[in-house]
Amino acid sequence: MPPFTLLTTLLASHLMAAPQSIVSEEITFVAAGRTVPGTIVRPASGPGPGVLLLAGSGPTDRDWNSPLLPGKNGSARLLAEALATQGITVLRFDKAYSGQNRGVPIADLTLDTYRDEAVAALDFLRGRPRVDPARVFVA
């Protein structure tokens with residue numbers, strides 16, 4: 001089954017369940033020797049699947065806000081909270097040189113920096129005790 005179809009099926013099956021209470025935790029993980037700040041939003045109880053939300057291009061933070069755009073819609077935060085009410089643990093983080101992640105001088109940023117952060121975030125999410133590592137997705 002293609003990954004997108006699998007994710008869609010997983011999300012649809014969870015959306016049929018009754019909403020759960022959620023917990024939001026500020027976390028950090030290490031990528032290439034640097035500490036990266038993020039947020040985990042999870043159901044208050046029970047194990048389940050996980051989703052890693054990646055921010056888009058530019059200086060977009062973990063909530064998908066950008067200083068280059070007016071206002072703050074926080075769509076990643078809203079999406080994470082909605083998924084968590086359906087039993088899915090969601091990790092989102094401030095990628096290099098966005099939000100609270102100022103560990104790399106902007107002149108030193110490369111695609112490898114972003115890849116290293118995403119791989120470390122995925123490993124961190126898979127290692128969480130309430131996340132089924134066989135059911136972790138990236139969006």
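**Sheet, helix H3 and aromatic cluster**

In the antiparallel sense, strands S1 and S2 pair over 10 bridges, and along this pairing glutamate 25 stands opposite isoleucine 40 of S2. The model examined here is a predicted one. The two strands belong to an open sheet of five strands, which follow one another in the order S1-S2-S4-S3-S5 with mixed pairing. Because S1 and S5 stand at the edges and have a single partner strand each, one side of each of these strands is left without a neighbour in the sheet. From one strand to the next, the twist averages 25°.

Within this order, S4 takes its place between S2 and S3. S2 and S4 run antiparallel and are joined by four bridges, whereas the four bridges between S3 and S4 join strands that run parallel. Isoleucine 40, which faces glutamate 25 in the pairing described above, has leucine 91 as its bridge partner in S4. On the S3 side, the bridge partner of leucine 53 in S4 is arginine 92.

The surroundings of S4 are consistent with this position. Five of the five residues of S4 are buried, so the strand is largely enclosed by the rest of the structure. Both of its faces are covered, with Thr89, Leu91 and Phe93 buried on one side and Val90 and Arg92 buried on the other. Threonine 89, a residue of S4, has a relative accessibility of 3% and therefore counts as buried. When residues up to four places away in sequence are set aside, threonine 89 touches Ile40, Val41, Arg42, Pro43, Pro49, Gly50, Val51, Leu125, Arg130 and Val131; among these contacts, Leu125 is itself one of the buried residues of helix H3.

Helix H3, which spans residues 111-126, comprises 16 residues and reaches 23 Å from its first C-alpha to its last, close to the 22 Å expected at 1.5 Å a residue. At the N-terminal end, H3 is capped by threonine 110, a side-chain oxygen of which lies 3.2 Å from the backbone nitrogen of aspartate 112. The helix lies across S1, S2, S3, S4 and S5, and runs at about 130° to S1. Its buried residues are Thr113, Glu117, Ala118, Ala120, Ala121, Leu122 and Leu125, and what covers them includes strands S1 (22-31), S2 (34-43), S3 (48-53), S4 (89-93) and S5 (131-138). The spacing of such positions can be read against helix geometry: an α-helix has 3.6 residues a turn, so residues three or four places apart point the same way. In H3, Thr113, Glu117, Ala121 and Leu125 are among the buried residues.

Two aromatic pairs are present in the structure. In one of them, the ring centres of phenylalanine 29 and phenylalanine 93 are 5.5 Å apart and the ring planes meet at 85°, so the pair is edge-to-face. This pair links distant parts of the chain, with phenylalanine 29 in strand S1 and phenylalanine 93 in strand S4, 64 residues apart. Both phenylalanine 29 and phenylalanine 93 are buried. In the other pair, the rings of phenylalanine 29 and phenylalanine 124 have centres 5.9 Å apart and planes at 35°, so the arrangement is tilted. Here too distant parts of the chain are linked, since phenylalanine 29 belongs to strand S1 and phenylalanine 124 to helix H3, 95 residues apart. Phe29, Phe93 and Phe124 together form one aromatic cluster. With 5% relative accessibility, phenylalanine 29 counts as buried, whereas phenylalanine 124, at 21% relative accessibility, counts as partly exposed, because the limit for a buried residue is under 20%.

Aspartate 94 is located in the loop between S4 and H3. At 2% relative accessibility, aspartate 94 counts as buried, and its side chain reaches the backbone nitrogen of arginine 62 at 2.8 Å. Excluding residues up to four places away in sequence, the contacts of aspartate 94 are Val36, Pro37, Asp61, Arg62, Gly99, Gln100, Asn101 and Glu117. Of these, Glu117 is one of the buried residues of H3, and the loop residue aspartate 94 is thus in contact with the helix that lies across the sheet.

Notes. Residues are numbered from 1 along each chain as its sequence is written. This is a predicted model: local features need pLDDT of at least 70, side-chain atom pairs count only at pLDDT 80 or more; totals for chains, interfaces and linings use all residues. Side-chain values use heavy atoms; hydrogens and water are left out. The expected span of a helix is 1.5 Å times one less than its number of residues. Buried means under 20% relative accessible area, exposed over 50%, partly exposed in between (1.4 Å probe, protein chains only). Contact means heavy atoms within 4.5 Å. A polar contact is a pair of N or O atoms within 3.5 Å; within protein, one must be able to donate a hydrogen and the other to accept it, and residues adjacent in sequence count only if both atoms are side-chain atoms. Two strands pair if DSSP finds at least two bridges between them. Axes are lines fitted to C-alpha atoms, for helices over the stretch in contact, and angles run from 0 to 180 degrees between N-to-C directions. Rings of Phe, Tyr and Trp (its six-membered ring) pair if their centres lie within 6.5 Å; planes under 30 degrees apart count as stacked, over 60 as edge-to-face and the rest as tilted.
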